[in-house]
Amino acid sequence: TSPAHIRNFSIIAHIDHGKSTLADRMLQLTGAVDERLMRAQYLDRMDIERERGITIKAQNVRLPWVPKTGAVAGEEIVLHMIDTPGHVDFTYEVSRALEACEGAVLLVDAAQGIEAQTLANLYLAMEKDLEIIPVLNKIDLPAADPDRFALEIAQIIGCEPEEVLRVSGKTGEGVSQLLDKLCEVVPPPVGDADAPPRALIFDSVYDTYRGVVTYVRVFDGKLTPRTKVTMMSTGANYELQEIGIISPEPEACEGLGVGEVGYLITGVKDVRQSKVGDTVTLANGGAEDPLAGYQEPSPMVFSGLYPIDGSDYPVLRDALDKLQLNDAALAYEPETSVALGFGFRCGFLGLLHMEITRDRLQREFGLDLISTAPNVVYRVIAEDGEEYNVTNPSVWPEGKNREVYEPIVKTTIIVPSEFVGTTMELCQSKRGDMQGMDYLSETRVELRYIMPLGEIIFDFFDSLKSRTRGYASLQYEEAGEQISDLVKVDILLQGEAVDAFSAIVHRDHAQHYGNKMTVKLKELIPRQQYEVPIQAAIGSKIISRENIRAIRKDVLSKCYGGDISRKRKLLEKQKEGKKRMKSIGRVDVPQEAFVAALSAD
Ligand code: GTP
């Protein structure tokens with residue numbers, strides 16, 4: 001297809017605002033999917049996506065369309081829809097997907113209005129000079145208020161409220177007009193057809209049978225099958241075994257030219273060799289310069305993962321190996337904990353990424369896991385001038401530290417105006433530094449803060465939701481680091497530190513953490529035969545203390561002499577319980593106590 005007849009666009013939308021449903025309608029209307037084969041949310045391929053109703057991996061699809069209206073009416077246009085993941089953790093992937101487009105549909109639920117993540121992605125699209133097509137969705141809903149939200153959107157992007165299209169992905173109303181509009185206003189791609197090929201990787205997915213399937217958008221030249229290509233960031237060479245388009249099932253083709261979007265198969269077995277953001281060119285006579293903006297995915301949130309049953313350790317290692325084939329951002333290395341045994345320290349892009357990974361480990365590999373409280377990466381300059389990157393509290397340098405740096409993020413929160421006070425209070429308690437505040441409309445406010453990432457990853461979003469009755473939306477992006485007065489708080493059982501409970505917190509919050517954990521553990525750990533002190537300490541300084549009183553717990557006393565088989569059963573049970581205890585020094589701690597103490601409350 002000649003570039004003049006190509007339109008590349010993506011859809012920017014908040015979770016649940018109806019992107020998948022709209023995509024389904026587009027597939028149907030353009031005839032890309034046969035009526036018989038149509039199923040809900042056609043493009044969300046992974047089961048877990050379907051269940052959680054969120055889109056994790058960008059999918060792209062080719063849609064042929066002959067518009068009835070506008071400047072190109074009657075001509076066959078090839079629309080490429082490039083799907084973007086909607087969640088905060090995947091900003092980098094969103095940015096790559098937008099890089100592959102000339103236009104973006106801003107899709108907003110007509111009963112909800114725009115949300116923080118959508119706003120952040122919209123700004124990203126505007127920075128890249130994409131043509132924005134504002135659309136209100138779900139206009140069939142009785143609660144829809146398109147007039148009000150058209151005004152809000154018009155104000156944000158600077159257009160007339162009448163220019164905001166109104167559609168329903170459910171009934172299909174307005175969708176063909178939207179397709180016409182895309183053909184009319186999204187600029188056709190420009191590129192040098194005679195230059196050496198350059199293609200941007202905006203997604204890559206591991207497939208059990210084919211190896212890694214890499215999704216690309218060609219900017220210059222042409223990629224053809226059976227040629228040798230180079231991934232420019234690593235210099236690795238591969239033969240292009242197959243090249244094709246998605247419509248919406250993969251179809252091999254003779255090559256991809258300027259502006260075209262499709263997939264490559266090179267026989268690579270690991271997505272880390274085919275990285276999002278990288279440029280593909282020819283191995284011989286390829287381009288000199290890569291396309292701009294490649295960035296290594298870097299984990300920002302770390303947590304220890306341990307099998308509850310120690311013998312599952314090899315299964316966990318295997319499972320992580322398998323997940324990593326499909327997830328370039330997942331990092332892990334073996335770690336041992338006195339309290340929890342053998343496990344892995346894992347690095348994630350963010351909290352959702354962590355949850356999804358844990359979920360998949362449990363669901364797809366049948367693993368029962370304990371995870372330690374998440375933490376971020378701290379840069380510590382010790383007294384002797386040595387510099388450490390600390391991803392685990394247990395390797396926090398002992399002694400006085402000269403300087404400690406923690407990562408910070410730029411946070412955008414959108415709330416109904418009546419919740420501004422309580423939201424500001426929460427942000428302040430999490431060491432937020434207010435940057436600004438704007439009324440999006442009379443009833444909704446955008447708040448901007450600089451906050452430590454470490455405060456956001458631990459139940460910030462839950463607190464925000466509960467304070468705002470679920471109405472708040474949140475977005476954050478990296479914003480460098482700041483120097484901070486952070487300390488490590490250890491929790492000691494009978495004088496012995498339990499590594500799984502150590503945490504790095506701001507000095508002002510240390511007391512609170514210490515009190516909270518000692519009280520919690522006092523409730524969770526059963527009485528032992530002697531008194532057990534539970535202490536919280538910074539270095540050698542004890543900051544709080546509770547005692548578990550001594551008692552001899554006699555299970556038989558409940559039986560009032562009764563029948564002997566019942567007694568035996570109880571004794572058996574007690575024995576079994578013992579097996580699931582971990583000994584910390586002389587103290588027996590039931591596994592459940594760890595699980596309960598480590599869960600956010
Ligand atoms: P993610 O994949 O999580 O980003 O969600 P999404 O934006 O793709 O939303 P999805 O298409 O899954 O729709 C979310 C919910 O809204 C579903 O229950 C849909 O049935 C419903 N929905 C989507 N479009 C419409 C619409 O036009 N009208 C009505 N009434 N409901 C809709």
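## Annotated binding site

UniProt annotations may be inferred rather than shown by experiment. The model discussed here is predicted. According to the unreviewed UniProt entry, the annotation "binding site" covers ten positions that fall in two stretches of numbering: Asp-16, His-17, Gly-18, Lys-19, Ser-20 and Thr-21, then Asn-137, Lys-138, Ile-139 and Asp-140.

Two of these residues can be placed in the fold. His-17 sits in the loop that links strand 1 (6-13) to helix 1 (19-29), whereas Thr-21 belongs to helix 1. Because its relative accessible area is 4%, under the 20% cut-off, His-17 counts as buried. Thr-21 has a relative accessible area of 29%, which lies between 20% and 50%, so Thr-21 is classed as partly exposed.

Setting aside neighbours within four places in sequence, the contacts of His-17 are Leu-107, Val-108, Asp-109, Gln-112, Gly-113, Glu-115, Asn-137 and Lys-138. Of these, Asn-137 and Lys-138 are also covered by the "binding site" annotation.

## Helix 7

Helix 7 comprises 13 residues, 313-325. At 1.5 Å a residue the expected span is 18 Å, and the C-alpha atoms at its ends are 19 Å apart, which agrees.

Which residues of helix 7 are buried? They are Tyr-313, Leu-316, Ala-319, Leu-320, Leu-323 and Gln-324. These residues cover an arc of only 135° around the axis, so they lie on the same side of helix 7. In an α-helix there are 3.6 residues a turn, so residues three or four places apart point the same way.

The buried residues of helix 7 pack against several elements: strand 15 (301-307), strand 16 (331-337), strand 17 (341-348), helix 8 (351-365) and strand 18 (369-371).

## Strand 21 and its partners

Strand 21 spans residues 401-416 and is mostly covered, with twelve of its 16 residues buried. Strand 21 pairs in the antiparallel sense with strand 19 (residues 378-382) over four bridges. In that pairing, Glu-403 of strand 21 stands opposite Ile-381.

Strand 21 also runs antiparallel to strand 24 (residues 473-483), to which nine bridges join it. Here Pro-407 has Glu-481 of strand 24 as its bridge partner. A further antiparallel pairing, again of nine bridges, joins strand 21 to strand 23 (residues 444-452). Leu-447 in strand 23 is the bridge partner of Ile-413.

How values were computed
Residues are numbered from 1 along each chain as its sequence is written. This is a predicted model: local features need pLDDT of at least 70, side-chain atom pairs count only at pLDDT 80 or more; totals for chains, interfaces and linings use all residues. Side-chain values use heavy atoms; hydrogens and water are left out. Helices (H or I, at least four residues) and strands (E, at least two) are DSSP runs, numbered from the N terminus. Buried means under 20% relative accessible area, exposed over 50%, partly exposed in between (1.4 Å probe, protein chains only). Contact means heavy atoms within 4.5 Å. The expected span of a helix is 1.5 Å times one less than its number of residues. The arc is that of the directions from the helix axis to the C-beta atoms. Two strands pair if DSSP finds at least two bridges between them.
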